[in-house]
Amino acid sequence: LRVFKGDVKDARKEFAVLRRLKEENLSVPTAHFFEEKCEIFGKPIMIMEKVNASDASEFMNNEVAAKHIVKRMAKRLVDIHNTNPWLIEHSDIMHVDYKRKQKELLRIRFFITKLCPSFLGFSLQTRRRLIAAVKRLGYERPKKVRPALLHLDYEPNHILVLNGNDIVADWGMTSIGDPAYDVAWTYHKLRLERENAKVDLGEYFVKCYEEYSGKKLVNLQYFKDTVAIEMTRFSGLLPFRAGIYKN
């Protein structure tokens, strides 16, 4: 039993996405039932499959196992991106939410440029990287691509490994937009979690993804920069929290 604490719109969206992906035979938890306002809890609820499994992060300390996991993650994400997002209920709303999110991140870029020159809390190396990302976003614009279903939080912690099968969980942030955003998010997460690893798993993930998809991600650098801003916002290193900055 999952009780949703947030907006009923997000709960309804997650249930619709899980049902659709299951119809496509993709490896996600089974969503059995959804109720927008349960009388007992006074909130939206979902009855769903409980997966008793370890998440993929537990296998990331071994170089060989980590590369194997990352390769499988890339294949899974290509399969997700290849589904038709417009067959999902409320897909138009998800696409609008994605575009709103991108506009907000560009506003944050302006905020960093004008009001946060010292970047209190950053190391010198991190500061230089973020400044470079912010500058690139000042003149770059993403090329138009076919929108795809996005997980928006695709990382080893959300991949459940059960009997050799990888089950993708935590679909609460899902949206519809450029697949390069998903890839860029995973790229950064893999690099941050294994900064001292011999193999750059972020680059390896991108390489595997592009090999499985059979094409280059034309907007990858743009979204690497966008996600860098997104991650600093959630880390608390900027003087505002996620969702607070609106102007």
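This is a short tour of the structure, one selection at a time.

**The whole chain**

Start with everything shown as a cartoon, and keep in mind that this is a predicted model. You should be able to pick out 7 helices and 8 strands. The chain has 247 residues, and buried ones make up 47% of them. If you turn on contacts, look at those with a separation of 6 or more: residues 24 or more positions apart account for 73% of them.

**The nonpolar core**

Next, select Ile80, Leu149, Tyr154, Trp171, Val183 and Phe205. These residues touch the most other members of the largest nonpolar core, which has 59 residues. Helix α2, residues 63-81, gives this core its largest share, with 8 residues.

Stay with Phe205 for a moment and show what surrounds it. Which residues does Phe205 touch, not counting those up to four places away in sequence? They are Val70, Met73, Ala74, Leu77, Tyr154, Val183, Thr186, Tyr187 and Leu190.

**Helices α5 and α6**

Now select helix α5 (residues 179-193) together with helix α6 (residues 201-213). Their axes come within 7 Å and cross at roughly 150°. An angle over 145 degrees counts as roughly antiparallel, so that is how α5 and α6 are described. The crossing of this pair is right-handed.

To see where they meet, show side chains. On α5, pick Pro179, Val183, Thr186, Tyr187, Leu190 and Arg191; on α6, pick Leu201, Gly202, Glu203, Phe205, Val206 and Tyr209. Colour this contact by class and you will find 8 nonpolar, 2 polar and 2 charged residues.

**Helices α2 and α6**

Keep α6 on screen and swap α5 for α2. How does α2 lie against α6: what is the angle, and how far apart are the axes? The angle is about 45° and the axes are 8 Å apart. The two helices are therefore oblique to each other, and α2 passes α6 in a right-handed crossing.

From α2, the residues to show are Ala66, Lys67, Val70, Lys71, Met73, Ala74, Lys75, Leu77, Val78 and His81. They meet Leu201, Tyr204, Phe205, Cys208, Tyr209, Tyr212 and Ser213 of α6. By class, this contact has 12 nonpolar, 2 polar and 3 charged residues.

**Two aspartates**

Select Asp178 next, in the loop between β8 (175-177) and α5. Is Asp178 buried or exposed? With a relative accessible area of 7%, Asp178 is buried. Leaving out residues up to four places away in sequence, Asp178 touches Tyr98, Lys143, Val145, Leu150, Asn219 and Phe223. Try a distance label from Asp178 to Val145: they are 33 residues apart in sequence, yet 6.6 Å apart in space from C-alpha to C-alpha.

Then move to Asp225, which lies in helix α7 (residues 220-235). Asp225 is buried too, with a relative accessible area of 3%. Beyond its neighbours within four places in sequence, Asp225 is in contact with Ala133, Arg136, Leu137 and Glu140.

**Two loop residues**

Finish with a look at the backbone in two loops. Asn25 is in the loop between α1 (8-23) and β2 (31-35). Asn25 is not a glycine, but its phi is positive, at about 65°. At 71% relative accessibility, Asn25 counts as exposed.

The last stop is His90, in the loop between α2 and α3 (91-115). His90 also has a positive phi, of about 70°, although it is not a glycine. With a relative accessible area of 26%, His90 is partly exposed.

Notes: Residues are numbered from 1 along each chain as its sequence is written. This is a predicted model: local features need pLDDT of at least 70, side-chain atom pairs count only at pLDDT 80 or more; totals for chains, interfaces and linings use all residues. Side-chain values use heavy atoms; hydrogens and water are left out. Axes are lines fitted to C-alpha atoms, for helices over the stretch in contact, and angles run from 0 to 180 degrees between N-to-C directions. Helices (H or I, at least four residues) and strands (E, at least two) are DSSP runs, numbered from the N terminus. Angles under 35 degrees count as roughly parallel, over 145 as roughly antiparallel, 65 to 115 as roughly perpendicular and the rest as oblique. A crossing is left-handed if the near helix is turned anticlockwise from the far one by less than a right angle, and right-handed if clockwise. Contact means heavy atoms within 4.5 Å. Ala, Val, Leu, Ile, Met, Phe, Trp, Tyr, Cys and Pro count as nonpolar, Asp, Glu, Lys and Arg as charged, and the others, Gly among them, as polar. A nonpolar core is a set of buried Ala, Val, Leu, Ile, Met, Phe, Trp, Tyr and Cys residues joined through side-chain atoms within 4.5 Å. Buried means under 20% relative accessible area, exposed over 50%, partly exposed in between (1.4 Å probe, protein chains only).
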